[in-house]
Amino acid sequence: MSKKLLEVKRLKKYFQTKKGLLHAVDDINFHINEGETLGLVGESGCGKSTTGRVILRLLEATDGEILFEGKNILGYDKQQMREMRKQMQIVFQDPFASLNPRMSISQIIAEPLEINRVYKTKPEINRRVKELMDIVGLAERLVNTYPHELDGGRRQRIGIARALALNPKFIVQDEPVSALDVSIQAQILNLMGQLQKEFHLTYLFISHDLSVIKHVSDRIAVMYLGKIVELSNYNSIFKNPLHPYTQALLSAIPAPQIDIKRDRIILEGDVPSPINPPKGCRFYGRCRHRQNICNEQTPELRDMGNEKYVACHFAGNLN
Amino acid sequence: MHRYVLRRLLMLLPVMLGVSFIVFTMMYITPGDPARIMLGESVAPEDVERFREELGLNDPFFIQYGRFVKNLVVHQDIGRSYTSKRPVMDEILSRFPNTLKLATLGIIVAVVLGIPTGIISATRQYSVFDNVSMVAALLGVSMPNFWQGMMLILLFSVHLGWLPPSGFSSYREMILPALTLGTSSAAIITRMTRSSMLEVIRQDYIRTARAKGQVESVVINRHALKNALIPIVTVIGLQFGYLLGGAVLTESIFGISGVGRLMVDSINARNFPVVQGGVLFIALTFSIVNLIVDILYGFLDPRIKSQYK
Amino acid sequence: GGKSEDAPVETKPLIIAQRSDAVVLDPHANNDQASSRVMRQIYSTLVNQNEDMELQPGLAESWEAIDELTFEFKLRQGVKFHNGEELTADDVAFTLKRALGSSHVSHIVGAINPDGIVVIDPYTIRIATNEPFAPLLAHLAHTATGILNEKAVTEAGEDYSQYPVGTGPYKLENWVVGETIELVRFEDYYDESNKAKIEKVIFKAIAEDGNRTIELETEGIDIAYDIIATDVDRVANHSDLEMVRDMNLATTYVGFNAGKEPFNDVRVRQAINYAVDMDLIVEVVYLGTGEPSRGPLGGNVWASNQNLKSYGYDVEKAKELMKEAGLEDGFKTTIWTNQNQQRIDIAEILQNQLKDINIEAEVSIMDWGAYLEATAAGEHDMFILGWVTVTGDPDYGLYPLFHSKTHGDAGNRTFYTNERVDELLDLARVNVDPATREAAYMEVQEIVRNEAPWIFTWTGEELTGIRNNVKGFKNHPAGHHELWTVYFE
Amino acid sequence: MTNIKSTINSKVPQNDMKVVKKKRSQWTEVWRRLKQNKAAMVGLFIIGVLIFSAVFADLIAPEGYDDQDLHRRFIPPGKDHILGTDHLGRDILSRIIYGSRISLQVGFIAVGIAAITGGSLGAIAGYYGRRLDNIIMRIMDVLLAIPSILLAISIVAALGANLVNVMIAVGIASIPSYARIVRASVLTIKDEEFIEAAQAIGANDFRIIIKHILPNAMAPIIVQATLGVAGAILSAAGLSFIGLGIQPPKPEWGAMLSAGRHYIRDHWHIATFPGLAIMITIFGLNLFGDGLRDALDPRLKN
Amino acid sequence: MKNQKLLEIKDLSIQYITDEGIVRAVENMNLEISRGETLGLVGETGAGKTTTALGIMGLIPNPPGKIIKGSIIFEGENLVGKSPQELRKIRGNKISMIFQDPMTSLNPVMPIGEQIAEVIKLHQRVSAAEAIIKAQEMLKTVGIPNERHKEYPHQFSGGMRQRVVIAIALACNPGLLIADEPTTALDVTIQAQVLNLMKKLKEEFQTSMIMITHDLGIVAEICDKVAIMYAGNVVEYGEKISLFTNRKHPYTIGLFNSIPNIEEDMVSLRPIKGLMPDPTDLPSGCPFHPRCPNVTKVCSQRVPKSIEVAKDHFVSCLLFEK
Ligand SMILES: Nc1ncnc2c1ncn2[C@@H]1O[C@H](COP(=O)(O)OP(=O)(O)OP(=O)(O)O)[C@@H](O)[C@H]1O
Ligand SMILES: Nc1ncnc2c1ncn2[C@@H]1O[C@H](COP(=O)(O)OP(=O)(O)OP(=O)(O)O)[C@@H](O)[C@H]1O
Ligand SMILES: [Mg+2]
Ligand SMILES: [Mg+2]
Ligand code: NI
């Protein structure tokens, strides 16, 4: 099981903006094993989507390596990359914006098959489209409808079908349920779980919703301002968060239970701007435990044993 | 802000150079010999030839253009009119006040008619007032203004004898041209105001203002209008720029001696220096009006102001 | 007029509207009608030409021909320029030499030999031409030869055209470019008895033709030049207005490219002349103003041949001629004109009428500059153009248009060639004997009429509308009306 | 719990909940909305009448457009000549009917030129961005800074005054507005997730532009084009009015107006009807264009 | 103090009449709020939560919206049918509202201090200068440095803007605060800040509150009572504890089962099947019946009545009608 499917090394993505260099993703390292789900969680703008996009080379990385089955795909040329895309796919957050409104459902699902010339004849393609629709739970009568005629849940199913069309091994799930209502969200989450089992898929699951992340992930990476601050399996993160940010994040979630009372850690201030971020710990400004060293030295992601990694100078010694 | 303005002004340089190049090329390839046109049919070809030489028209294209640019850059001189021998700048500036007056009056007419109508239409969407003024506005845009000018003269000067049909020195004389010029802009502004107001009225902060218990008129005039004004100002600016350079037809119908007519006459007369200078001048005015609009934008919208660095 | 003593103290200015503003007030810097009309009031010429085109003394009291080439002029004494300088022969010499250097007026003064301008004494000057040139005096009466003050010209330099200084009855007071020119009476005008009656004259540019009439009706102006044909009756019938109509020196014609098939065949040209109903066309297009012309010169021009017969409208004859020319099935051709509504109308009617003799004509409207260039190059078939015999002398009205030396750009855009015509035109130009000249011109007109390089179309009319209280106004055939005789009642 | 982002929060939730009703492509949807808009339908009707009269001018015009009869000039509107005759005795109604041919031709061809050139330039500038974008848009700025009527006049002067050149002139003068509109919409569409989705499945630039960007950028272009036809007709009429680009005896409305203006005091009908024809045409196109805009972007309609 | 009714909604029905059809956004609603109490209004998109709030404020956009029937009794007076002037006196003064999106609910071209001062000037007899001073105090209360009152909304982050909105809402010390998903657009850590602040201020100002949300966690945290809405209907309504511990309505149960729970491990979620109905074409009978796991024949035929299943705990489901 624990064969590394994807490995991300020293990945950086900077954007040139008017106000300066925006460090969207700043030197992150992680890997994902075959068949598992890595949850990537963090607040808005911390660089989750950018990470996902860089992995698929929808954005060119500024620096670093991305090893897929041991090979660095950042060095691939266009042709090789096109082959790669059959292996790795993405499902987007906004189920409306991610579907071309001028294309019908069948056209959308068939497009990857056409582009990659998987099948030679139209009937074959049509058969596969129907098959995919069936897999994701879309009624066959919807083939010729257009996205705007469907609800968010169904649209998201189309996105999933499109991603599955080429039989990928790996799918980046970029907040696939955050635009959906709870009851629909649950349906989609269940569907993704089933698909993972059925097709032995590997997911990078991006979300800002810790409950969702917890529900779907085997391991979880917590991001803050372009950096991974904590990475470990889901149990230990929830039971024993090591990074002060993770701690605050967890405590901030209101749970639908009336009997549980937790101590709230209310963080001061807002997430700082990722443009020309300060050196030192990114969380410095909002951290309860900050010390001088935090402002001067960037904490590296440290191995705390048991597959737990934390980027905090004082991890394990906090109270 | 200063730096922003400076940068924008600097950016005008290549644009102006481009404009001059296009105009120069256009004029160069246009058939018709300026010397012949100026001298008339009766002058002997040798004299025409001599005149061409005097004007430097026999030089190759790039030498002519180079000379123009050099004079412009080194001496800040755009030459003298072929026909009147006056400096081109004088020629333009003597007409510009009229054009400016006309455009200003036109835009005043447009704003005075357009904005209130637009606001009322928006606040009473689908009312009779709204429907009538929208149809009127559409007719306003649809009416060719040369025709409208003729009709106005026919009515107010010929039949009713209330207003003079031409001239541009007294306010009475300015009414008809300003109306003619203003209507289509008024129509555009009305429509813009209406749709912009409708857009703004739907916004959450208008709901917030109402939730405060604010009176409707204040909600409209203070909260909605100020936000809606932003696109309206752009349109007004564009229209003003357009009126400054494009009032040719109105000017010729009412016999107003403005820059637009000067340009048309000069194009017909192949009076190259005036065409060149005039188009540059209009383009520059237009760009500066745009710049002013953009700055105004900053004052209306603090979000934009903070981007002007 | 007469009584100079009681020159009325007029306070009301005389307002005159013309189509456009003067371009320059330097006679050598341009030669357009609007400018000349103003300059006529500011400058005086050596010789005057009255409304009947008769020559009269101007700044020159008298003149005599010294030899075939040379005239000697005696200048009036004590003539003052607007800047206070006194007129001397030097100013005259300066003016003429300056004029010779200008391309704009070379057609007026071109015959003069620059070395032949000799100042004898402050009030005597001799002017010689390169070759014998009979119409010299008429040319010296043209507004373009108005006498300038040397000092004023040198002082103003390049800007002289805006600060004119002449000896005329009015001087420039104020000029709002493109709009109005204000002139005031020059109190030291040399001709005491002809001092301007009205103190101030304002020229106003009103481009839209109809608006000049409306302004006239609504008392915005006192005199409107160039009333359009549609308004002539309106003005004439208006109780407060008067229509002053006189034939002028302008003619409009439809030219054939006689250097090109099929118009090199005289029968084709004649056929077309027969095939168009010119009387009707003139009526339709010019609404009864001016008159259909029968030959190349208008009636006002000296020695114009009044015996020429109009072709008349005779389609049968036209067909016959076409048949003789072997073109009974007609041909395709083009009619070119510039952007002038009357000419466009003529073209459209021609197009229609030529269908009767199977000629299929396409009308093409060109912009003036391109039009002149193209017709000079001889690319055309048929074209519509006008000519103004500004000097009133037939030389000016015939030589450039029909002499084979002037093909193309020099004026003869029909590329018409006839040896006899060349011979006669050359002869009449150098011969000073009026009778010989007259005979030559009569014959030229006869030939041209018969060989029909033109469809003779229309001679124009000066159409001036004035308010009833304006008196003393007369049209000048050259269009440069004199305003100093005008007064209010 | 679900942290719905502001972009998709309120405003259009209706779609979200809509259960499949009927199978409709976007265009049938647009057409349905358009049909509900009375004004747009009036506009469409006017355009229809125009196109009809342009196509069948030979059948419906009572006379030819150049049937002169110099003996029946200036007949006022009445039984024989519904709109009267002009100064050369031609039937004005017939001329106006034939004139619709010219106006529509000018309008559509000029807009075609402008939309195709401007559109491609804008698409290239928007999609490839950076250098190319900068160069193209600066050139557009230059064109925009020159008043369009002057530009048109000089183009006509340079190329020669005939209808084709008028179309070209009017077309060129309005290139920048198309370039800008297309560029703007390409820029927004380029950032849409479905473009990224297409990239993710290996689509190349060409496919992305053709299949994904252009179809979605059509709406503003179509609206602008409809309104642009109106503008082009108006500009062309203006040029004819000052005498550029007319080819007699072809009945261009602006030229008819211009020829008729001398007679306006005695024979009002000559200049009035062509003016009305222009106005109604532009009115119709504008009505339709407005309706189309509302139908294409239902958000704009309240 | 409690049990003194501040607001009572009786049989309220609100509809939107559109081209697409009639949307019955709120149907026969019955709710009560006592002084100092917080009511959570929960439901998925389109359930009619915002419409209810706007109905109370008298701000239903008309057209297309309209209060069809029912009454909204606030401090003993029926707000339905009051004149606009009377409503204006209440709005912002006695009842105020916080909208969902802090990014758009502030006027972008007006300094925030002025926006707070505006409501103070409207309802209190103070001069402009005093109003600004009061506004600054309010800013301080919500934790924004008062010297920033001259700045514009875009200069603040989302959380701070929401604080400004709260300051506006509380400026006149209203008896009732309606918060329409006040934290939905915010990040979790910021949401925690804002919720904390609201809780604090509510106590400080003794305000009653209607908290609109679709997040049951928030309800659990700050509400006293809960009303669960589905397609315009209140399907379950009661004291929070009673409702959370003893969920009755199948929809409520489904809702709870749909949420991944951070506190306990779930192998699989048990979502509600099916989709939200088309709002213009609601099913007959119980609107939830097509998705209900316990559906019976009558469900499509009869509209369920509200049954009190425990003290102050009402359910509208035919399973509980005897
Ligand atoms: N194309 C781009 N150009 C410039 N900046 C960008 C671009 N894409 C993203 N960013 C910036 O990079 C940072 C990280 O963005 P990203 O979309 O990865 O965040 P995220 O964690 O996915 O946030 P969210 O939860 O809002 O989706 C943000 O500050 C964003 O503004
Ligand atoms: N202005 C309007 N015109 C027409 N229908 C409307 C309007 N506003 C709301 N609706 C409809 O009324 C119903 C209830 O909407 P409402 O906004 O009250 O829902 P909500 O519970 O607040 O949803 P959300 O969680 O998305 O904010 C929905 O079906 C909605 O589509
Ligand atoms: Mg993201
Ligand atoms: Mg809501
Ligand atoms: Ni002359």
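User: Which of the 17 residues around ligand 2 come nearest?

Analyst: Thr45(E), Gly46(E), Lys49(E), Thr50(E) and Thr51(E) come nearest, out of 17 residues around ligand 2. A residue counts as near a molecule or strand if one of its heavy atoms lies within 4 Å of it. This is a predicted model, in which local features need pLDDT of at least 70 and side-chain atom pairs count only at pLDDT 80 or more, while totals for chains, interfaces and linings use all residues. Residues are numbered from 1 along each chain as its sequence is written, chains are lettered from A and ligands numbered from 1 in the order in which they are written, and side-chain values use heavy atoms, with hydrogens and water left out.

User: Why is the site of ligand 2 called shared between chains?

Analyst: The site is called shared because residues from chains D and E surround ligand 2.

User: What makes the pair between Thr51(E) and ligand 2 a polar contact?

Analyst: A polar contact is a pair of N or O atoms within 3.5 Å; within protein, one must be able to donate a hydrogen and the other to accept it, and residues adjacent in sequence count only if both atoms are side-chain atoms. A side-chain N or O atom of Ala47(E) is not the one involved in its case: the contact there runs from a backbone N or O atom to an oxygen atom of ligand 2, at 3.2 Å. In Lys49(E), a side-chain N or O atom is 2.8 Å from an oxygen atom of the ligand. For Thr51(E), the distance from a side-chain N or O atom to a ligand oxygen is 2.4 Å. Ligand 2 has 630 Å² of accessible area on its own (Shrake-Rupley method, 1.4 Å probe; for residues, only the protein chains shown count as cover), and the protein covers 83% of that area.

User: Which elements give two or more residues to the shell around ligand 2?

Analyst: They are strand 1 (5–18), strand 2 and helix 1 (49–57) of chain E. Helices (H or I, at least four residues) and strands (E, at least two) are DSSP runs, numbered from the N terminus. Helix 1 of chain E gives the most, with 3 residues.

User: How many residues of each class, nonpolar, polar and charged, has the shell around ligand 2?

Analyst: There are 7 nonpolar, 7 polar and 3 charged residues in that shell. Ala, Val, Leu, Ile, Met, Phe, Trp, Tyr, Cys and Pro count as nonpolar, Asp, Glu, Lys and Arg as charged, and the others, Gly among them, as polar.

User: What surrounds ligand 1, and which residues are closest?

Analyst: Ligand 1 is surrounded by 13 residues, and Gly45(A), Gly47(A), Lys48(A), Ser49(A) and Thr50(A) are the closest. A polar backbone atom of Gly47(A) is 3.0 Å from an oxygen atom of the ligand. Side-chain N or O atoms of two residues also approach ligand oxygens: that of Thr50(A) at 2.4 Å, and that of Glu175(A) at 3.1 Å. The protein covers 67% of the 630 Å² of accessible area that ligand 1 has on its own. Helix 1 of chain A supplies the largest share of the shell, 3 residues, and by class the shell has 5 nonpolar, 5 polar and 3 charged residues.

User: Why is Arg57(A) counted as buried?

Analyst: Buried means under 20% relative accessible area, exposed over 50%, and partly exposed in between (1.4 Å probe, protein chains only). Arg57(A) has 14% relative accessibility, so it counts as buried. Arg57(A) sits in the loop between helix 1 (48–55) and strand 4 (63–68) of chain A, with a positive phi of about 60° although it is not a glycine.

User: What makes Asn28(E) partly exposed?

Analyst: Asn28(E) is at 38% relative accessibility and therefore counts as partly exposed. This residue of strand 2 (residues 21–34) of chain E also has a positive phi, near 45°, without being a glycine.

User: Is His142(C) buried or exposed?

Analyst: His142(C) is buried, because its relative accessible area is 4%. A polar atom of its side chain lies 2.9 Å from the backbone nitrogen of Ala144(C).

User: How do you know that the span of helix 13 (residues 272–300) of chain B agrees with what is expected?

Analyst: The expected span is 1.5 Å times one less than the number of residues. The 29 residues of helix 13 should span 42 Å, and the end C-alpha atoms are 41 Å apart, which agrees. Of those 29 residues, 22 are buried.
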